[in-house]
Structure formats: structure tokens, C-alpha cells
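This report walks through one structure, topic by topic. Please keep the sequence and the 3D view at hand.

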Amino acid sequence: MDNILSGIKPTGKLTLGNYIGAIKNFARIQNEGDTFVFIADLHALTLPIEPEDLRNNSRDIAAYYLAAGLDPKSTTIFLQSDVPAHSELAVIMQNFLYMGELSRMTQFKDKAQKMDNEAIGLGLFAYPVLMACDIVLYNSKRIPVGEDQVQHVELCRDLVKRFNNRYGDTLVMPRAEMVKVGKRIMSLSDPTKKMSKSDPKGDIFLSDDLNVMRKKIMSAVTDLGHEIKYDVENKPGISNLMTIYSALTGKEFAEIEKEFEGKGYGDFKRAVADAVINEMEPFKKRYEEIISSGLVDEVLEEGAKKASVIANETLARVQKAVGLYHK
Ligand code: AQP
């Protein structure tokens, strides 16, 4: 069975995009291999963040993982900064990814473009180096991600090829995989943009009250016409809502089109809101129970111990391969 690895960075309140594109799927596939799911707190430092927010966001993500059904018995859940091998390996691997390729990363270009050129941190630029280390440390073959992260996994593949060519078979080759439906949930106020926690216009947050979620869906931007039809180019708003509905109910697009034949946008939005609330009500309840128990700290402590064993083995293998003395 292949090792599976994924994570979320605690840069803000999690969105329905993170839930559909990542968390829900982690729980679904966790028994298909040795699964490692982490909270990428070091990655969150690549953009300015208050210490209190970083701490709270990190704890929240762990609780959301558990609320979604990730079972610490089958999935190693841990905080990236609790496993120093991530940072140690990154110091080595930064020599094997090149500035040209890093500067072509879409996420870097998008984020840097909104910042003052003189104040772009090195960490933001080198983000894919650390992400590649997150992946290779766990000998991970399957990397479930949303569409926006595929480019970084591709760069990690380049790194593995480059490293193994030079030093022999040391690192395991990963591959990105995406959910069939929901790999890119769009903003409800601008369905041409990704629903994103660092640009929270048109987001549904997992922390929103259920009635706020309903209101947001009922006022989501829709398109001209009145037909419920999956057509991303001409009907991005309805197509996005159909994606959410399909991801949560398991219904195919053709089935949804049939279900709403002759009905209007209002009927459809009500059904989407019901589907979101059906899913979110028990999930949020479990999250509340978990956050007020001591479970999160316990799980993260245990997870860091388990993760460190395999991460340290890989780190030692790399140190030895490159010729670090005494390793
Ligand atoms: N809108 C989305 N639709 C589907 N999947 C999504 N993901 C994020 N947004 C969507 C997936 O969630 C996982 C964790 O993401 P992340 O927090 O590590 O970073 P990100 O991809 O940069 O997500 P955000 O929300 O846009 O974060 P910020 O704003 O902090 O950069 C990933 O698998 C991601 O693809």
C-alpha cells in the first residue's frame, strides 16, 4: 500500500473549499495506505500572521481533521513544526530546486503580486522547497491536493528525479491526485476566483453559523438565464454550486440537471444550502466536542512521535547520500 500525505496551512479560517477539496477526502481514503496528515504551520509563516491566530488556527485544523473522521489509529496527525526533520531537510533540498523554477510558481506569482517587492520573504519564494520536503520525508506516493497545489507536487517530482539521478535511489517519487468533483471550489461572490482563506471574499467558513451559510448560498452570484446546467464557461456561478452539491450528495451533474429541470435558481440554491447544512451540522457539532476536550493535544503529541520516526529515517538517508560527515 502506498504512503499518503497531505496537509493544510493554518493561515486563516478554513473554507468549504478546504473541506471539499481536502479534509473530506482525507477521511475517505485514510485506510488505503499509511496516511500522514499534518498542519503546515511553518508554511503559514510565509505570510504575516499573529502568533495567537497561528496557534488557534492550528488547533482548529487538528480538530476539524478529527471531526471529519480522521482516525488517529490509522492516520498520523501532526504539527509540521513538531518534526524538526522538515526544516533540516529543507536546508539541504534548497540546493536542488532552482530560482528560475521557483519564480515560475503560480501561487508565488499571485501572492507576490499583491505585495511590496522589497518585502517579499524568502520563505514565500522557497515555499515549494519545504513542501517537497514534507512530501519526501514520509516516502509518500499519493499526495491528495486541490488543483492549486498540483504545480508544487510536480516541482517535487522534478526534485526527486534530480536528486535520485545524482545520488542514486534515495527518495520516493510522489504523484498528485485530486478529488473527482471539487478540486477547485470557487468564490460565491466571484465564481471565476478560487474560494481561498487568504482572500476571503465569497467564502463559506467552516466556523460560520448554519444560518449564515444558508444566507451566503442564497445570495451567491449566479448567471444569466434560469437553467440549472453544468457549463463552467457560460454559467460559472451555477456550475460552482452544482459542484458543491455534487461533492456533498454524490449526485452526478446529469442527475442534478434532471432533478432541477423546469425549476429556478431559487429552488436549486435552497437544495444546495440544505446539502451544505446536512453535512455541516453534525461536523460542526463533533468539532465543538473535540475542541473542548483535551483530545487535540494528545493526538498531536502522539502524531509527532510517530511522524518523527519515518521522517528521521529519510533525513538520515539523505544526509548520508550527500556526504554529510558521520551520517
Ligand atoms: N477552493 C478550494 N477548492 C478545493 N480545494 C481547495 N484547497 C484550498 N482551497 C480550495 C485545498 O485545500 C488544501 C489545503 O490548502 P492550503 O491551506 O494548504 O493552501 P491553499 O491551497 O493555498 O489554500 P487557500 O485556502 O487558498 O489558502 P491560502 O489562502 O492561505 O493560500 C490543499 O490541498 C488545497 O489545494
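## A loop residue with positive phi

Where does Asn139 lie? Asn139 sits in a loop, the one that runs between helix 8 and strand 4 (140–144). The model is predicted. Phi of Asn139 is near 50 degrees. That is a positive value, and the residue is not glycine.

Is Asn139 buried or exposed? Its relative accessibility is 19%, so Asn139 counts as buried. The cut-off for that label is under 20% relative accessible area.

## Domains

The domain assignment splits the protein chain into domain 1 (3–183 + 294–322) and domain 2 (210–289). Domain 1 is given in two segments, 3–183 and 294–322.

How far apart are the centres of the domains? Taken over C-alpha atoms, the centres of domain 1 and domain 2 are separated by 30 Å. At the contact between them, 12 residues of domain 1 meet 13 residues of domain 2.

## Aromatic pairs around Tyr64

How many aromatic pairs does a search of the whole structure find? The search returns 15. A pair of aromatic rings is described by the distance of the centres and the angle of the planes. One of the pairs is Tyr64 with Phe283. This pair is stacked, with 5.5 Å centre to centre and 20 degrees between the planes. Tyr64 belongs to helix 3 (residues 51–67) and Phe283 to helix 13 (residues 265–291), so the pair ties together parts 219 residues apart in sequence. Tyr64 and Phe283 are both buried.

Tyr64 also pairs with Tyr287. The pair is stacked too: 4.4 Å between centres, 20 degrees between planes. Tyr64 is in helix 3 and Tyr287 in helix 13, so this pair links parts that are 223 residues apart in sequence. Tyr287 is buried, as is Tyr64. Ring pairs join Tyr19, Tyr64, Phe283 and Tyr287 into a cluster.

## A charge over a ring

Which residue lies over the face of Phe205? Lys13 does, at 4.3 Å from the ring centre.

## Glu279 and its partners

Glu279 is also placed in helix 13. Its relative accessible area is 17%, so Glu279 is buried. The side chains of Glu279 and Lys24 are joined by a polar contact of 3.0 Å.

What does Glu279 touch, leaving aside neighbours within four places in sequence? The contacts are Tyr19, Lys24 and Leu248. Tyr19 is also a member of the ring cluster.

## Ile20 in helix 1

Ile20 is in helix 1 (residues 16–29). At 4% relative accessibility, Ile20 is buried. Ile20 and Gly182 are 162 residues apart in sequence. In space they are 6.0 Å apart, C-alpha to C-alpha.

Residues up to four places away in sequence are not counted in what follows. Ile20 touches Val179, Val181, Gly182 and Ile185. Ile244, Ala247 and Leu248 are in contact with Ile20 as well. Leu248 also appears among the contacts of Glu279.

## Asn57 in helix 3

Asn57 is placed in helix 3. At 12% relative accessibility, Asn57 counts as buried. A polar atom of the Asn57 side chain lies 3.0 Å from the backbone oxygen of Pro10.

Which residues does Asn57 touch, not counting those up to four places away in sequence? They are Pro10, Thr11, Gly12 and Ile49.

## Buried faces of two helices

In helix 4 (residues 85–93), the buried residues are Ala85, His86, Leu89, Ala90, Ile92 and Met93. Viewed down the helix 4 axis, they fall within an arc of 160 degrees, so they line one face of the helix. Their packing partners are strand 3 (75–79), helix 8 (127–137), helix 9 (150–167) and helix 14 (295–322).

Helix 6 (residues 106–113) has Gln107, Phe108, Lys111 and Ala112 as its buried residues. Seen down the axis of helix 6, these fall within an arc of 120 degrees, so they too line one face. They pack against helix 5 (99–103), helix 7 (122–125), helix 8 and helix 9. Helix 8 and helix 9 also pack against the buried residues of helix 4.

Methods: Residues numbered from 1 in each chain as written. Predicted model: local features only at pLDDT ≥ 70, side-chain atom pairs only at ≥ 80, totals over all residues. Heavy atoms only, no water. Phe/Tyr/Trp six-rings, centres within 6.5 Å; stacked < 30°, edge-to-face > 60°. Helix = DSSP H or I, 4+ residues; strand = E, 2+ residues; numbered from the N terminus. Buried < 20%, exposed > 50% of the residue type's maximum accessible area, 1.4 Å probe, protein only. Lys NZ or Arg CZ within 6 Å of the ring centre and 35° of its normal. Polar contact = N/O pair within 3.5 Å; in protein donor to acceptor, adjacent residues only side chain to side chain. Contact = heavy atoms within 4.5 Å. Arc of directions from axis to C-beta. Domains from an automatic or database assignment.
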